[in-house]
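Work through the exercises below with the sequence and the coordinates open. Each one sets a task and then solves it step by step.

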Amino acid sequence: GGLFRRGSMTRNRRWALVASYVFLGMFCVFFLFPPYYMLVTSLKTNEEIASIEGNPWVIQEGMTFGHYVDLLTNTLFPTYFLNTVIVTVCVVAITMVVSVLAAYSLSRMRFWGSATLATGVFLTYLVPESLLFIPLFKVVGWLGLLDTIWALVLVYPTLSVPFCTWIMIGYFQSIPKELDEAALIDGASRLQMLWKV
């Protein structure tokens, strides 16, 4: 009886593994299809793209990199890309530093009003972004940053810091406090606990 049951479980496990790989393969095909189509289209000539005849999923008249050369030499795309990289790196750095420190202090260090402040962070995240457009425009204009990438570096963290702080509060609360107590006994400072524990 036990041998039959063990063989049955092994067979069921094998079928479950095969089924999961089949569904994973279908999932990959479904979600990788649009990027594949974009890549194939970008490597076709203008005539082949405009042509109604032919297979749209394969390159039939020869591959060309002319679209990429045109994009990088005849447009301002490199400047736009550099601006995007600068804004993204600055916003991610500011958001991570502020939200990690705020979340750690709100979840680990008990002080007067910490629970109210944590709730305030969550309520700030619930404020619709459209209500902030005019006040943010006034502040950015007062700082003389209109039409600069630094306006984006200033504005984006106001939307991302509350969200990331709330997420990180939940993460820090999931870590056992006994680890903090052990680190304190070993002589670690608060920053060492945050960095190493």
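**Exercise 1: Cysteines**

C28 has a relative accessible area of 34%, so C28 is partly exposed. The model is a predicted one.

Task: Classify C90 as buried, partly exposed or exposed, and find out why C90 has no bond to the closest cysteine sulfur.

Solution.
Step 1. Buried requires a relative accessible area under 20%, and exposed requires over 50%. C90 has 23% relative accessibility, so C90 is partly exposed.
Step 2. A disulfide is a covalent bond between the sulfur atoms of two cysteines. The cut-off used here is a sulfur pair within 2.5 Å.
Step 3. The closest cysteine sulfur to that of C90 belongs to C164, and because the distance is 16 Å, the pair is too far apart for a bond.
Step 4. Applied to the protein, the rule gives a count of zero disulfides.

**Exercise 2: Overall form**

Task: Describe the secondary structure of the protein, then set the radius of gyration against the value for a compact globule.

Solution.
Step 1. The protein has nine helices and zero strands. Read from the N terminus, the order of elements is α-α-α-α-α-α-α-α-α.
Step 2. For 197 residues, a compact globule would have a radius of gyration near 16 Å, whereas the protein has 27 Å.
Step 3. Along the principal axes, the C-alpha atoms occupy a box of roughly 80 × 70 × 35 Å.
Step 4. Of the 197 residues, 18% are buried. The exposed area is about 14,900 Å², and carbon and sulfur atoms supply 73% of that area.
Step 5. Take the contacts between residues at least 6 apart in sequence: 54% of them join residues at least 24 apart.

**Exercise 3: Charges**

Task: How many positive and negative side chains does the protein have, and how far apart are the centres of the two sets?

Solution.
Step 1. The protein has 12 positive side chains and 11 negative ones.
Step 2. The centres of the two sets lie 23 Å apart.

**Exercise 4: Two aromatic residues of helix α1**

Task: Place W15 and Y37 in the secondary structure, and give the exposure class of W15 and of Y37.

Solution.
Step 1. W15 is part of helix α1, which covers residues 2-42. Y37 lies in helix α1.
Step 2. The relative accessible area of W15 is 61%, so W15 is exposed. For Y37 the value is 34%, so Y37 is partly exposed.
Step 3. Leaving aside residues up to four places away in sequence, Y37 touches P56 and W57. Y37 and W57 are 20 residues apart along the chain, with 6.5 Å between their C-alpha atoms.
Step 4. W15 and Q192 are 177 residues apart in sequence, and their C-alpha atoms are 48 Å apart in space.

**Exercise 5: A serine in helix α4 and one in helix α7**

Task: Is S107 buried or exposed, and which residues does S107 touch?

Solution.
Step 1. S107 sits in helix α4, residues 77-108.
Step 2. The relative accessible area of S107 is 0%, so S107 is buried.
Step 3. With residues up to four places away in sequence left out, S107 touches I169, F172, Q173 and K177.
Step 4. W166 is 59 residues from S107 along the chain, with a C-alpha separation of 9.9 Å.
Step 5. S174 lies in helix α7. The C-alpha atoms of S174 and S107 are 9.8 Å apart, while the two residues are 67 apart in sequence.
Step 6. S174 has a relative accessible area of 54%, so S174 is exposed.

**Exercise 6: A backbone angle**

Task: Locate D147, state what is notable about its phi angle, and classify its exposure.

Solution.
Step 1. D147 belongs to the loop between α6 (133-142) and α7 (149-174).
Step 2. The phi of D147 is positive, about 60 degrees, although D147 is not a glycine.
Step 3. D147 has 85% relative accessibility, so D147 is exposed.

Conventions. Residues numbered from 1 in each chain as written. Heavy atoms only, no water. Helix = DSSP H or I, 4+ residues; strand = E, 2+ residues; numbered from the N terminus. Rg over C-alpha atoms; globule rule 2.2 N^0.38 Å. Buried < 20%, exposed > 50% of the residue type's maximum accessible area, 1.4 Å probe, protein only. Contact = heavy atoms within 4.5 Å. Areas by Shrake-Rupley, 256 points an atom, 1.4 Å probe, with all protein chains shown as cover. Lys, Arg positive; Asp, Glu negative; His and termini not counted. Charge placed at Lys NZ, Arg CZ, Asp CG, Glu CD.
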